[in-house]
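Q: Got a minute to walk me through this one? I'd like to start with the basics and then poke at the details.

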Amino acid sequence: MEEKKMITLTLENGTKEEVELLLSFKFNDNNKEYVIYTKNETDENGNVTIYVSNITRVGEEITLNTISDDNEWSRIKDLLRELSKNE
Amino acid sequence: MLENCTILDEKKVFGNEAISKGRKPAKLSTFKTFYPKTVEIRNKLRKTVESQQPVENKQEQVVAQPTVNTSVEVKNEVQQSQQAPKQEDNVIQFPSKEVLEKKVKDLNVVFYNDVPATIIHLDSYRRLRVASLVYKILLHAKKVVALTPEQVTPVNNLPEEPKKETFDFSQVSNIDLTNVVQSEVNSSKAVVDNEVKLDEFLNKNIIHPESQPTTETSIVDDKIMNDINSLLKENSSTEDSIATQKEILASLRKRIEQNKALCEAKKQELEEENMALTQELNGLLAQVNQLSDIASQQEAFLGINNSEEEYKGKVA
C-alpha cells in the first residue's frame with residue numbers, strides 16, 4: 001500500500017491540523033486549482049468523507065477556500081464520477 | 001396444573017372442534033411425501049452453515065495464534081495478505097494508466113501528487129461523502145497519472161538572474177562623491193517607487209483570501225502573475241544596480257581614505273621643511289640684524305655732528 005501523503009493545515013484560529021492529501025488538480029481552461037483531502041472519517045456504511053477546497057496562492061503560501069460557484073462544484077463532482085467509472 | 005390441564009384440554013377441544021367443523025386431519029401419505037423434503041432442505045441448510053463456519057474459525061485461529069512459531073505465523077499472514085489483494089482485485093478493478101490519462105485529457109485537468117507550498121491556510125471547504133471505492137481510485141489516480149511539482153512548474157519559468165555590470169575602478173580617477181550619492185538616492189527612490197507600485201497593484205487586483213475568500217477576483221490569473229513577476233524582476237534589477245553603485249561608493253571612499261593619509265604625510269613633510277626653512281630664515285635675520293647694528297653704529301659714529309646741526313636748526 002502506498003504511503004499516505006500528509007499535509008498540515010493552519011486553521012483560522014492558528015491551530016494546526018494534519019490531513020491526508022488525496023489529490024490536487026488544476027483545470028487547464030481556467031487555471032483554477034483545487035485540493036482534495038480527507039481526515040479518514042467513515043460512516044457506518046464505509047463511506048469516506050472527503051474535503052474539497054479551492055487553492056489561492058500568495059507567494060509561497062496558499063489558502064484553501066470554499067467553492068462557492070455551483071458550476072465549479074458540479075464540475076468537480078463530475079470529475080470524481082468520471083474517475084470512478086470503470087471503463 | 002389444573003389450569004394447564006384445562007388449557008390443554010381446551011386445545012384438544014379446539015382441535016376436536018376444528019375437526020368437527022370440517023377440517024380434515026393430515027393424511028399419512030401426505031406426511032410421508034413432505035417430511036423427506038423438509039429433512040433434505042434442513043440438511044442443505046446445515047451444510048451451508050457448516051461450510052461457512054470453518055473459514056471464520058480459521059481466521060480466528062490465525063489471529064489468536066500465540067507467537068510460538070513465528071514462521072507459521074508469518075506464513076499465515078503471507079497467505080492472508082496474498083488472499084486479501086486477490087479478493088480486492090476481484091472487487092475493485094482500477095482503471096489502467098492509459099484509461100486514466102485519456103480521462104484526464106478529456107476532462108482537461110492536470111493532477112499533482114503534492115501541494116507545492118510551505119504554509120497552507122485553511123479558510124473553508126466543501127465536504128463530500130463518497131464510497132470507499134472513490135477514495136481508493138483517487139489514490140490510484142494520484143499514484144498513476146499525477147505530476148510532481150517540478151513537472152508542473154518547469155525550471156525555465158523561473159526568473160533569470162539579472163546581469164551584473166562590471167566596473168573598472170582603476171579608471172575612476174576623479175572622485176565626485178556628490179554624483180555617486182545622488183545616483184544612489186535616485187536608485188533608492190526607484191526601488192521605493194517599484195515597491196509602492198507593486199503594493200498598489202496587489203491591493204487592487206488581489207483581495208486577501210481571508211477577507212473575501214470566495215470571490216472570483218481572489219484568484220490570480222496568469223496575466224496578473226506575469227505583471228507581478230515583471231515588477232519583481234524590475235525591482236530586483238534596480239536593487240542589483242544599487243548594490244553595484246554601493247560597491248563603487250565603497251571603493252571611492254577607500255581611495256579617499258588613502259588620499260587623506262597621503263595628504264597627511266605630505267603635510268607633515270611640508271611642515272618639517274617649513275620648520276627648517278624658518279630656522280634658516282631666523283638665522284639669516286639674526287645675521288642681518290647684526291650687520292645692521294654694526295652699520296648703524298658706524299653711521300652714528302660718522303654722522304653725529306650733522307645730526308646735532310640739524311637739531312639746532314630746527315630749534316631756531
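A: Sure. Helices and strands here are DSSP runs, with at least four residues for a helix and at least two for a strand. Also, keep in mind that this is a predicted model.

Q: Fine. So how many helices and strands are there in chain A?
A: Chain A has one helix and five strands. Along the sequence they come in the pattern β-β-β-β-β-α.

Q: And how much of chain A counts as buried?
A: Of its 87 residues, 32% do.

Q: How do the strands β2(A) and β3(A) pair?
A: They run antiparallel, over six bridges. L21(A), for one, sits opposite Y37(A) in β3(A).

Q: What's in the turn there?
A: The two strands make a hairpin with five residues between them, and N31(A) in the turn has a positive phi of about 60°.

Q: What about β3(A) and β4(A)?
A: Antiparallel again, over eight bridges. V35(A) is opposite S53(A) in β4(A). This hairpin also has five residues between its strands, and G46(A) takes a positive phi near 90°.

Q: Switching to the other chain: which strand of chain B does β2(A) join?
A: β1(B), residues 109-112, through four bridges, and the two run antiparallel. F25(A) has F111(B) as its bridge partner there.

Q: How many residues does each chain put into the contact?
A: Chain A gives 50 and chain B gives 46. On the side of chain A, β4(A) contributes the most, with eight residues. That side divides into 21 nonpolar, 17 polar and twelve charged residues.

Q: Which residues have the most contacts inside the largest nonpolar core?
A: L23(A), I36(A), F111(B), L138(B) and A141(B), in a core of 33 residues. Helix α5 of chain B, residues 132-145, supplies the largest share, six residues.

Q: What does L23(A) touch, leaving out residues up to four places away in sequence?
A: I36(A) in its own chain, plus F111(B), L138(B), A141(B), K142(B) and A146(B).

Q: Last topic, α8(B). How many residues does that helix have?
A: It has 81, running from 222 to 302. From first C-alpha to last it reaches 114 Å, close to the 120 Å expected at 1.5 Å a residue.

Q: And why does α8(B) lie largely in the open?
A: Because the number of buried residues in α8(B) is one, out of 81. Buried here takes 20 or more other C-beta atoms within 10 Å of a residue's own.

How values were computed: Residues numbered from 1 in each chain as written. Chains lettered and ligands numbered in written order. Predicted model: local features only at pLDDT ≥ 70, side-chain atom pairs only at ≥ 80, totals over all residues. Expected span 1.5 Å × (residues − 1). Buried ≥ 20, exposed ≤ 12 C-beta atoms within 10 Å, placed from the backbone. Core = buried A, V, L, I, M, F, W, Y, C linked by C-beta atoms within 7 Å. Contact = placed C-beta atoms within 7 Å. Nonpolar A, V, L, I, M, F, W, Y, C, P; charged D, E, K, R; others polar. Pairing = 2+ DSSP bridges.
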